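Biologist: I would like a close look at one part of this protein before I go back to the bench. Please take a single strand and walk me through its surroundings.

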Amino acid sequence: MKNEIPPSTNGTQKTEEPKKRIRWADIKKSYAIFHFAAPYKNDFIIGLVVLMLSSVTVLTFPYVTGKLVDAATGKTEWWLGDINKIAAGLIGVLLLQGVFSYWRVMLFARVSEYAMGDIRKALFAKILTLPIPFFEQRRVGELVSRITTDVTQLQDTISLTLAEFLRQIATLIVGVAVIFITSPKLSLMMLATYPILIVVAVIFGKYIRKLSKQTQDALADSNVVVQETFQSVNIVKAFTNELFESRRFDKSIQSVVDFAMKSARYRAAFITFIIFGLFGGIVLVLWYGAMLVSRGEMTIGELTAFVLYTMFIGGAVGGMGEVYSKIQKTIGASERLQELLLEEPEPNLNLSKQPAQKLRGEIKFEGITFSYPSRKDIAVLKNISFHIKKGERVALVGPSGAGKSTIIQLLARFHKADSGNIFVDEKNATDYSLSELRKNIGIVPQDVILFGGTIRENIAYGNPDASEDEILAAAEKANAMEFIRTFPQKLDTIVGERGVKLSGGQKQRIAIARAILKDPAILVLDEATSSLDSASEALVQEALEELMKGRTSIIIAHRLSTIRKADNIFVLNKSELTEQGSHDELMKNEAGLYRHLVHLQFTLQSEQM
């Protein structure tokens with residue numbers, strides 16, 4: 001079905017998204033995706049408890065260190081006045097911290113790995129249920145980037161960023177409480193420096209988030225280039241465009257690098273400011289603390305503990321900027337994933353494994369008019385009406401763009417008609433579930449797409465539950481065993497990506513075997529032999545004859561010699577059904593398009609001979 005490809009909607013042009021302020025509602029909506037972590041909430045809660053214990057344990061270290069200093073100067077009133085015991089206590093604190101850190105990492109990793117696995121599964125399953133227009137408007141590389149890059153961003157947040165954020169909050173709260181108890185005067189002086197750091201963190205975070213999103217989008221674009229190039233590598237090499245594609249990718253990557261380096265400059269400037277402000281604040285604390293020690297208002301150990309707490313608090317505040325920017329990136333990634341998960345799936349899609357009701361194969365189009373959604377002003381089909389009886393063999397003929405393939409897409413409900421009705425077995429096609437209808441339609445396309453597995457797996461794709469004998473029988477009927485037997489691994493032969501290791505005729509016969517195994521009531525042959533040599537065409541045509549027995553068959557062909565035996569021929573021209581009848585009947589119409597096309601082909605063949 002290659003003739004009527006929808007107008008250019010492959011995502012090559014981007015529209016600028018309107019800028020908007022991040023509101024709490026946006027954040028809440030984007031983080032709705034974290035409901036995937038709900039099944040692992042017990043691990044997450046235990047991880048939070050361990051995280052809190054780890055944070056508290058860390059914050060006892062400055063206190064014990066201060067007592068160790070006081071013990072060394074003989075100015076301790078603590079119950080552990082012995083230096084050795086205090087040192088042993090410090091070692092115990094470190095051991096506890098190690099144990100808590102281990103379980104914190106393990107528990108959060110468990111939550112993130114399983115939750116992200118569930119998200120990837122849900123995304124893939126959801127994308128498969130989306131309608132064809134969705135895929136026509138997006139590139140494959142973009143969707144791959146959503147499942148990989150964006151989910152990885154979420155994973156890093158759950159396993160690392162979120163834990164770090166909570167740890168910094170706990171450090172900030174507990175640390176501030178302790179230093180106020182130790183020395184209110186010194187605490188007020190130290191805290192006076194932090195509002196400036198926080199304001200700067202918010203401002204820088206805004207710009208860092210914007211640049212990070214641009215970097216992420218540029219990276220997604222570069223993935224698209226890779227995807228397209230590798231999928232069409234034969235075309236690239238045939239046109240010797242390796243250098244062109246390399247330059248295209250270089251340009252795409254350069255855009256990524258430019259955005260990343262701009263973001264890095266902001267981060268570097270931010271970190272530089274934080275370090276200067278942080279350590280500048282520590283210098284002020286040391287200066288004022290030394291004055292308090294000299295006046296006897298605090299001990300050296302208390303000053304030591306205070307400075308250590310200040311460094312812990314400063315580290316927490318300083319890290320807030322980096323954590324904030326990561327959280328902003330995560331909001332963007334989760335918004336994109338949430339948008340995918342909220343996309344409307346195909347209506348009435350029933351994906352149960354129950355065998356579908358076997359249809360007879362009678363088809364009726366009544367007043368069908370259709371335009372592709374991206375170009376509503378151009379009608380691809382205009383008031384099309386025809387009737388195909390059960391088991392009848394019909395052909396769709398006409399110039400490229402006349403609407404032949406669109407008829408098949410509407411029959412399979414890949415698109416919805418703008419007006420008119422389609423009936424299958426005297427029942428409106430919309431009354432069937434999509435899976436029930438499509439299980440009764442088999443398609444053998446001109447450009448056969450095979451999966452990168454074995455011949456057996458590709459044939460069995462028509463019926464995954466088929467037995468070995470059924471697979472062999474289908475291959476035999478499709479004249480495929482003739483070449484399969486020549487391969488050392490027979491049915492277990494790897495066909496390569498998109499069937500690259502097989503010839504065109506071999507791929508066609510695999511596709512026919514796949515259709516035979518599906519056993520559809522309605523068969524569509526879309527230019528199934530147009531690209532084959534004479535020897536391959538004869539074998540494929542023989543297999544097609546076997547396949548069409550007892551089925552309603554719709555043949556799309558430019559080679560009019562392949563449709564002479566059709567019971568009925570529908571001639572489409574300029575989106576309308578202009579002629580209808582058998583080959584002999586249509587040839588009697590001297591002014592008809594069909595007769596003109598037959599004579600034109602005959603003339604061209606004569607000139608080539």
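Modeller: What follows is an account of one strand, its partners, and then a few other places in the chain. The model is a predicted one, and the part I have chosen is strand S8, which spans residues 552-556. Since a residue counts as buried when its relative accessible area is under 20%, and 5 of the 5 residues of S8 meet that description, the strand is largely enclosed by the rest of the structure. In a regular strand the side chains alternate between the two faces of the sheet. In S8, Thr-552, Ile-554 and Ile-556 point one way while Ser-553 and Ile-555 point the other way, and all of them are buried.

Two strands pair with S8. Strand S3, residues 393-397, runs parallel to S8 and is joined to it by 4 bridges, with Ala-395 standing opposite Ile-555. Strand S7, residues 522-526, also pairs with S8 in the parallel sense, here over 5 bridges, and Leu-525 has Ile-555 of S8 as its bridge partner.

Elsewhere in the chain, two loop residues deserve a look for their backbone angles. Asp-425, in the loop between strand S4 (419-424) and strand S5 (427-428), has a positive phi of about 55° although it is not a glycine, and at 11% relative accessibility it counts as buried. Ser-575, in the loop between strand S9 (568-573) and strand S10 (576-581), is likewise a residue other than glycine with a positive phi, near 75°, and Ser-575 is buried, at 8% relative accessible area.

Notes. Residues numbered from 1 in each chain as written. Predicted model: local features only at pLDDT ≥ 70, side-chain atom pairs only at ≥ 80, totals over all residues. Heavy atoms only, no water. Buried < 20%, exposed > 50% of the residue type's maximum accessible area, 1.4 Å probe, protein only. Pairing = 2+ DSSP bridges.
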